[in-house]
Each structure stands twice: as C-alpha cells, then as structure tokens.
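I opened a fresh page for this protein and kept short notes as I clicked around. Here is what I looked up, in the order I got to it.

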Amino acid sequence: MSYNYPTRKLAVYLSDDGCSELTFYALHQASQFAKHWIPFCKRHNIEPRSPDAYFDKPTARPSGQDLLELCFYVKKLYEEMKSRIETMAEKGSVPPETRSQHKGFLQWSHHNNVTKRNHQSIVEIVIDGREEDAVDEDGDRLPTLVYVAREKRPQFHHNFKAGAMNALIRASTEMSNGAVILNLDCDMFSNDPDAIRDALCFFLDEQSGHRIAFVQHPQQYFNVTKNDLYGNSPLQTDKVELAGMGGYGAALYIGTGCFHRREALCGNKYSSKVDGQGSMNWKSNDKTANELEEASKVLVSCSYEEGTQWGKEIGLVYGCPVEDVVTGMKIQCNGWKSIYYRPQKEAAFLGVAPNTLEISLIQHKRWAEGLFQIFLSSYCPLVYGHKRLPLGAQLGYCTYLLWAATAFPTLCYLVLAPLCLLQGIPLFPQVSSPWFIPFAYVYGARTIYSLVEGLMCGYTVKGWWNLQRVVLLRRSSSYVFSFVDTVAKQLGLSKASGFAVTAKVVTEDVRRRYEEEVMEFGSSSTTFIIVATVAMVNLFGLVGGIGKWWWVDGGMSLMGLQFGLCSVVVGLNLPVYVALFFRRDDGCLPVDVMFKAVGLASLAACLMAI
C-alpha cells in the first residue's frame, strides 16, 4: 500500500482461501495502521516498507530527535496492532463488540455456518480509494484495499492456488481492471518502494514493451543463513540459469514476485496489430461499493467457471501443482515475451525460506512432482513449444521439468558404487588405465566449474558445499517420491495431485539451530529413513572397502574411482552421521531411524554378497 506510485491507480486484493474472520480482522486493523504508516514512509523515505521488516533492522534508528520520537510512536502503534491481532487469534473468534467496526464481519454470522472448505463468496472493500474520507493522517488518498474469499463447496474442486488467482483476476477486473497485476505469496513482502515503476519501464518500452507479458523477479529470502544451510537461495540458478532463460524471452513464471500484463494473463494471444501501450489505462467505475461487492461475489462463486475456458485458455492453468510454470510457458507460446529482472541495487521482494530440512524436502517434492507432470503432459515444451519457443528455451524448461527423473541415476551411483566396492566389483576403469582419464576429467571439470561459478555468483566455499549436499538429499529422497507418485498418477494407480502447504512457523529452538547452521531432522519420516540408509550404505562401503582393498596390491588402483565417489558422499553426509550417533537435541535423527537405516544398509550388503 505504500509503494511510490499514485494511490488512485493502486488497488490491493487479499485472497483468503481459509475464509477466516481473524484474517479479515487483521486486514481491518492493518488498514487503520496504514493511515499512519504510509505517510511516515513517504515523508521520510523509509525502507523497507514492511513495518515488521523495518523495525527488525538493527539500523532502524533514524537521525534527529523529532524523527526518532516519531519512529518510536509509529513502532508503538504497530506493536499495539500486533498485540490486538495476536490476542484475537488466541481467543479464536471476533467478539460482538468488535464486529460493529465493519459490516464485513456480518459475513461470519452464525446462520452462514462458515468453514474454510464450505462457505459463500465474500468480497469486502475495506478501503474504497474513491471515497473522500479514504485518506491518511496527512490527508492524502489511500489505495483501495479489498478482502476476497472465493466461494468453496465440497462438491466443487477449488483448484488450489490457480483457482484463487483466477478468482482474484475476475474480481479485480470488475473493480479496478488495472492493466498490470502484481502477485505475491503471503509469506513475502515488498523490499523496494519503486518496484512498480521499475517493472513499468519494461511494459512501456517504446521498442519492445508491447510484447512483454510479465516481468519475473527471482525468489529471494531474508532469513537465509550465511552459508545457506538448505540451499534455499541457489545463486547460480538465479544469476545464470534463469537469466539465460530470460535471454530467450522465456523467463519462468515462478508464482510470486511477478508483474503480469492482464490481457496476456487472461489468455489473449499477442498480435503485432494491437497497440500494447493503449491498454495501460485505469478503469473508472461509477458503481457504489455495495454494487461492486455484489457483482464480484458472482465472479468468485463456484459455478461461475462452469462451461467457460477459465483454467484452460484463460487465467492460470488447472490440473498441475506448479500452475505457475505451465501458465508462463503457455503465455509465451501465445506469442508473448517475458523478462527476468534481478535488480542490482536490492531485492524487490523477500520471503521466508524453509528453516528445517523436512520442510525444504517437502517443498521440493511438490515442485519436482508438478514439473515432471508438465513434462509428461500435453504441455511438454518439446511438443507444445515446438516452433513456438526457441529450442534453447525448450531445453531450459526441460532442465527443471526433469528434476524428478534425476532421482534413479543418482541412486544408482549412491547405492551400487559402495555395494560393489564391498564385493570387489569395479564399475569404472582402474587408475592406471587410459580410460580413467575421461572419467576423472568429467567429474573434476564439472566440480571445478561449479565451484568457480558458485564463488563468482556470491557463494562461500561452505555455502557451495552445502548446496551439493542438499541437491544429493533432494535427488535421493524428494525426487524419488516425486517420480513414483507422478508415474503412478499417469497409470491411474493413485488419485489426482494435491497441494502440500509448507509450514514455516517453528519453535525458538529450531530457529536457533537454523541460525547456527545445524541441520534439523527431528522426525522418523520415510524421507529421513531413506536419507540415513543411503548414508549408512556409503559408510559401510568406504570403511569395508578400505579394510578389504587397502592391503591388496593394486587394489586401490583398481577401485580408485569408487573410493573417491564413496569418500565424497560420506563427506557430504557428515551432518547425517552426527544426527544419527552423536546429537541428543530435538533436531537429531530418532533412534528408530538409526536402527532401520543400519538394518536396511546391512541387508543390502548381505543381498549383494549373495
């Protein structure tokens, strides 16, 4: 709401798929606080303009006694607002005396019987930017603020995030119809007050602006540790791979931090005969707030999309857990171009990174599964994008769509190499053979290139090493499940995809270990059993192989590459061994995981011997 942009052209829509009166209460409280926060930011050029992020900064102490007192006053207002919201959340409902503050609370009256999976359409204009009294404490007009909870009924599929986005597109079309749409996930905040103006520079470019469908910012986080413990912010991907895709005019749409041209998102094909500059107009609406709310409720109802092209040719595409990527590709195949924009000055948007290993692996399982589904669907870029996308862009998409397919080749190296080492079965040429050179060269060149590229992109050596570990863990666990689940769905052996929500609220102990860069396990999930078993197989292989071949003449030369491979894997899995055998905090691997991992690894070794 406090962007450096004319407020009469700015409308903010909050989609609440949980349909919670507590969320509506929090939004109403925020709308009141905005009357103080927005003028404070604009008068004194405050950054970032998320109050929580600003007041958490150690440098959030402006110079000058008057400004310092004002800062403390605004912070006090913010803390009071937070306290009221948290108190209301503890109560679990909004009391009658509070409900009188806004007519919107009537939507949660007892006779409506509202639950998060069964409720009517709710559209409430919290601030109508057209009204004379919609001003801040300086008398400047406030932007429009709207709460939207689309209708949900058990007998209708709600299509997860894609359905919510399409409902927002229709509601905003009725109310403001802004030519450009910014969509942000709820765990992100804007870090640059000029981000809108920067994006408009691309859309309004005289030479190529009319072809731009969306401007995608990288997904960056404010809580990444110094050495990025879980590889949440892969700098090489952000600075090299995605930037390369942008060079083809085929930047990936990643679901958040993206500015869209409305007409492209609504399924319109690009035409050189249409003047894209002429569509950058703001809708003038003479309807009253009540009329707009009632009209929008129809647009976000369950039955509205029946018999239409929404979710197919219009809006975000349905039927895939990663609706963002397939929607972006579809837009590009309609003739539009997209921009990947990574500002040099500062990140435009910051989010919350997963701070436990389990959450990170669950998130990647969902991503890899959805991406692999795209590859196996009619939207495969090699088929759907043929003659529509440059070949380089098609292959770039496949790099991500085939994440899940890397699982089994990786597992072969992780499991067969140590087991064959135990039994004396060489898988690679011996060190003295000329054929050793290409194998050693490929691995060495790839490793050196990756390390140098990582350091050039801003990684520390330890950060690069952490990324290698996390990639190994993802491929040997998350991607295995993604591959199996996707193939099972394709064969009709399991149900349609769901949407796994990744929780990011953790205890103080977990947060402390994360900040200290101590890996968090703490559960007996199947994922961790696989991770621990693979680690134990390689430990058995390395220790047993050394005991068996160290003293044999020519043994180390014969099995040299397998020793090297097992040594690297054991080195990457050091935190797993520590969590299995040495740690005693809540973040360690439970005893039952240790016994299962040792048992399964021993069984694999025995079966290999047979």
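**Transmembrane spans**

I began with the UniProt record, an unreviewed entry, which lists residues 400-422, 528-551 and 563-581 under "transmembrane region". I'm keeping in mind that the model in front of me is predicted.

How far apart are the end C-alpha atoms of residues 400-422? I got 35 Å, and I noted that the span is 78% helix and 0% strand. For residues 563-581, the end C-alpha atoms lie 23 Å apart, with 95% helix and 0% strand.

**A threonine in α17**

Next I picked Thr533, which sits in helix α17, residues 526-549. Is Thr533 buried or exposed? Its relative accessibility is 12%, so I put it down as buried, since the cut-off for buried is under 20%. Skipping residues up to four places away in sequence, I found Thr533 touching Lys596, Ala597, Leu600 and Ala601.

**The two "active site" positions**

Back to the unreviewed UniProt entry: it lists Asp17 and Asp324 for "active site".

I took Asp17 to begin with, and found it in the loop between β1 (11-15) and α1 (21-44). Asp17 has 22% relative accessibility, so it goes in my notes as partly exposed. Which residues does Asp17 contact, leaving aside neighbours within four places in sequence? My list reads Lys116, His119, Arg150, Lys152, Phe160 and Ala164. With Arg150 there is also a polar contact of 2.8 Å between the two side chains.

Then I went to Asp324, which is in helix α10, residues 323-333. Asp324 is buried because its relative accessible area is 10%, and buried means under 20%. Its contacts, again leaving out neighbours within four places in sequence, are Tyr253, Ile254 and Gly255.

**α1 against α3**

Having met α1 as one end of the Asp17 loop, I followed it to helix α3 (residues 65-91). Their axes come within 10 Å and cross at roughly 175 degrees. An angle over 145 degrees counts as roughly antiparallel, so that is how I logged α1 and α3. On the α1 side, the residues that meet α3 include Leu22, Tyr25, Phe33, Trp37 and Phe40. On the α3 side, I wrote down Leu67, Leu70, Val74, Leu77 and Met81 among them. By class, I have 18 nonpolar, three polar and two charged residues in this contact.

**α7 against α12**

What angle do helix α7 (residues 235-247) and helix α12 (residues 391-401) pack at? It is about 140 degrees, with the axes 9 Å apart. I therefore called α7 and α12 oblique to each other. From α7, Thr237, Glu241, Leu242 and Met245 make the contact, and from α12 it is Ala393, Gly396, Tyr397 and Tyr400. Sorted by class, that gives five nonpolar, two polar and one charged residues.

**A leucine just for a last look**

I ended on Leu389, in the loop between α11 (357-376) and α12. Leu389 is at 8% relative accessibility, so it counts as buried. Not counting residues up to four places away in sequence, it touches Met329, Gln332, Cys333, Gln394 and Tyr397. I had just seen Tyr397 in the contact of α12 with α7. I also checked Leu389 against Ala164: they are 225 residues apart in sequence and 28 Å apart in space, C-alpha to C-alpha. Ala164 was already in my notes, as one of the contacts of Asp17.

How values were computed
Residues numbered from 1 in each chain as written. Predicted model: local features only at pLDDT ≥ 70, side-chain atom pairs only at ≥ 80, totals over all residues. Heavy atoms only, no water. UniProt positions renumbered as here; feature names shortened; annotations may be inferred. Helix = DSSP H or I, 4+ residues; strand = E, 2+ residues; numbered from the N terminus. Buried < 20%, exposed > 50% of the residue type's maximum accessible area, 1.4 Å probe, protein only. Contact = heavy atoms within 4.5 Å. Polar contact = N/O pair within 3.5 Å; in protein donor to acceptor, adjacent residues only side chain to side chain. Axes fitted to C-alpha atoms, helices over the stretch in contact; angles between N-to-C directions. Parallel < 35°, antiparallel > 145°, perpendicular 65-115°, else oblique. Nonpolar A, V, L, I, M, F, W, Y, C, P; charged D, E, K, R; others polar.
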